[in-house]
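Okay, thanks for coming, everyone. I've got one structure to walk through today, so let me put it up and we'll go from there.

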Amino acid sequence: MDERGIRKRLVQKGFTDFQIKVLIATYRIPKGKTATYKDIAKRIGHPHAYRAVGSVLKINPLAPTVPCHRVIKSDGSLGNFSSPGGTRRKMQMLKAERAI
DNA sequence: TTCCTGACGCTCG
DNA sequence: GCGAGCGCCAGGA
């Protein structure tokens, strides 16, 4: 699925512009790389909305197409992960992608 | 409309 | 170097 498809689905689900921007920015993180919540916030033009970024990722309806597991905290720790398996699963996925 | 909550970051002691 | 407290922003009740 490409970026346009993702945006379309999110619009259909009634997501706000802010939420869509967050998920698109997350989708753009290349495989094998990670980004911080702060990075995402900065990328969408709301450098102080890092907390809201987490709120959006929590309800990510397009996992794993939108790789929310690639978003980590700025201190290098994983933060949280709401999908089944939790942070352990998140760690495994990142290792599988050689992101960490 | 207002208040509360949250997958966080930064500053200060 | 470490922990606590405060600030930020958006969404939901």
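Let's warm up with an easy one: in which helix is A96 found? That's α5, which covers residues 86-96. One thing to keep in mind before we go on is that this is a predicted model.

Sticking with A96 for a second, is this residue buried or exposed? It's exposed, because its relative accessible area comes out at 64%. If you look for G32, that residue is 64 residues away from A96 along the chain, yet the two C-alpha atoms are separated by 8.7 Å.

Now compare N60, which sits in the loop between α4 and β2, with β2 being residues 71-72. N60 has a relative accessibility of 12%, so this one counts as buried. What does N60 touch, if we leave aside its neighbours within four places in sequence? The contacts are L23, V66 and C68. There's also a polar atom in the N60 side chain that lies 2.9 Å from the backbone nitrogen of L62.

Right, on to the DNA, starting with strand B. There are 16 residues around DNA strand B, and K38, L57, K58, S74 and N80 come nearest. Which element gives the most to that surface? It's α4, with seven residues. Both α3, residues 37-43, and α4, residues 50-58, supply at least two residues there. If you sort the surface near strand B by class, you get six nonpolar, six polar and four charged residues.

What part of strand B is facing the protein? Of the DNA strand B atoms within 4 Å of the protein, 48% belong to sugar or phosphate, and the rest to bases. Some of the polar pairs here use the protein backbone. A polar backbone atom of L57 is 2.4 Å from a base nitrogen of strand B, and N80 also has a polar backbone atom 2.9 Å from a base nitrogen. For S74, the partner of the polar backbone atom is a phosphate oxygen, at 2.9 Å.

Over to DNA strand C. The residues surrounding this strand are T16, F18, Q19, H46, H48, A49, Y50, R51 and A52. Of the strand C atoms that come within 4 Å of the protein, sugar and phosphate account for 65%.

Here I'd look at the side chains. T16 has a side-chain N or O atom 2.3 Å from a phosphate oxygen of strand C. Y50 puts a polar side-chain atom 3.3 Å from a base nitrogen, while R51 has a side-chain N or O atom 3.2 Å from a base oxygen. The elements giving two or more residues to this surface are α2, residues 17-27, and α4. The largest share, three residues, comes from α4. By class, that's four nonpolar, four polar and one charged.

Last stop, the largest pocket, with a volume of about 330 Å³. Which residues lie nearest its centre? Out of 17 lining residues, those are Y37, G54, G79, N80 and F81. You'll remember N80 as one of the residues that come nearest to DNA strand B. Both α3 and α4 supply at least two lining residues, and α4 gives the most, with three. The lining has five nonpolar, eight polar and four charged residues.

That's my tour. Happy to rotate the view if anyone wants another look.

Technical notes:
Residues numbered from 1 in each chain as written. Chains lettered and ligands numbered in written order. Predicted model: local features only at pLDDT ≥ 70, side-chain atom pairs only at ≥ 80, totals over all residues. Heavy atoms only, no water. Near = heavy atom within 4 Å. Polar contact = N/O pair within 3.5 Å; in protein donor to acceptor, adjacent residues only side chain to side chain. Helix = DSSP H or I, 4+ residues; strand = E, 2+ residues; numbered from the N terminus. Nonpolar A, V, L, I, M, F, W, Y, C, P; charged D, E, K, R; others polar. Buried < 20%, exposed > 50% of the residue type's maximum accessible area, 1.4 Å probe, protein only. Contact = heavy atoms within 4.5 Å. 1 Å grid on protein atoms, 1.4 Å probe; cavity = no way out; pocket = protein on both sides within 12 Å on 5 of 7 lines; lining within 4 Å. Points joined across faces, edges and corners; volume = space filled by probe spheres on them.
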